Amino acid sequence: MLILGVLIPFAAAGVIGAMTVALVTNHIKNGYFIFSKGGGYEYVLNLILATLAVVALGAGRVSIDALVKIDFGWSRLPISLVMGLLSAVLILAIFWRPGRVAPFRND
């Protein structure tokens, strides 16, 4: 959706939410650089910021949003940020249990 320019704020919210969950659950503890042991948060943070830049600039003239004349105006960025961060918080609250390790099974 983000590449084609379809409902940009909602597509961006999905990317922001997923990358925020990845940042919190896995990458933040490994440091900044992606080549550090375990993979740092450099790349994940770059994806979040690049998505915010796309939202701030808009979908463009060749997007599907422009073709069907959907314009979210100035509300694109707040919609993306609020929905993305809210979805990340909900996913983390419901599913993330830090410190628990799944048992190893060798079937």
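Tyr32 is partly exposed, because its relative accessibility of 39% lies between the 20% that bounds buried residues and the 50% that bounds exposed ones. This value, like the rest here, comes from a predicted model.

What is the geometry between Tyr32 and Phe33? Their ring centres lie 5.0 Å apart and their planes meet at 80°. An angle over 60 degrees counts as edge-to-face, so the pair of Tyr32 and Phe33 falls in that class. Tyr32 also pairs with Tyr41. That second pair is edge-to-face too, with 5.4 Å from centre to centre and 85° between the planes.

Two values describe any such pair: the distance of the centres and the angle of the planes.

How exposed are the partners of Tyr32? Phe33 has 43% relative accessibility and counts as partly exposed. Tyr41, at 22%, is partly exposed as well. The cut-off for buried is under 20%, so Tyr41 with its 22% does not count as buried.

| Residue | Relative accessibility | Class |
|---|---|---|
| Tyr32 | 39% | partly exposed |
| Phe33 | 43% | partly exposed |
| Tyr41 | 22% | partly exposed |

Which residues make up the aromatic cluster? Tyr32, Phe33, Phe35 and Tyr41 form one. The whole structure holds 4 aromatic pairs. Among them are Tyr32 with Phe33 and Tyr32 with Tyr41.

Now the chain as a whole. The protein chain has 4 helices and 0 strands. Along the sequence, the order reads α-α-α-α.

The overall dimensions come next. The radius of gyration of the protein chain is 17 Å, whereas a compact globule of 107 residues would have one near 13 Å. Along the principal axes, the C-alpha atoms occupy a box of roughly 55 × 30 × 30 Å.

How much of the protein chain is buried? The share is 27% of the 107 residues. The accessible surface of the protein chain is about 7500 Å². Carbon and sulfur atoms supply 70% of that area.

Contacts along the sequence can be sorted by separation. Among contacts in the protein chain with a separation of 6 or more, 58% join residues 24 or more positions apart.

Charges complete the picture. The protein chain carries 8 positive and 4 negative charges. The mean positions of the two groups lie 7 Å apart.

Terms used
Residues are numbered from 1 along each chain as its sequence is written. This is a predicted model: local features need pLDDT of at least 70, side-chain atom pairs count only at pLDDT 80 or more; totals for chains, interfaces and linings use all residues. Side-chain values use heavy atoms; hydrogens and water are left out. Helices (H or I, at least four residues) and strands (E, at least two) are DSSP runs, numbered from the N terminus. The radius of gyration is taken over C-alpha atoms; the globule rule is 2.2 Å times the number of residues to the power 0.38. Buried means under 20% relative accessible area, exposed over 50%, partly exposed in between (1.4 Å probe, protein chains only). Contact means heavy atoms within 4.5 Å. Accessible areas come from the Shrake-Rupley method with a 1.4 Å probe; for residues, only the protein chains shown count as cover. Lys and Arg count as positive and Asp and Glu as negative; His and the chain ends are not counted. The place of a charge is taken as NZ of Lys, CZ of Arg, CG of Asp or CD of Glu. Rings of Phe, Tyr and Trp (its six-membered ring) pair if their centres lie within 6.5 Å; planes under 30 degrees apart count as stacked, over 60 as edge-to-face and the rest as tilted.
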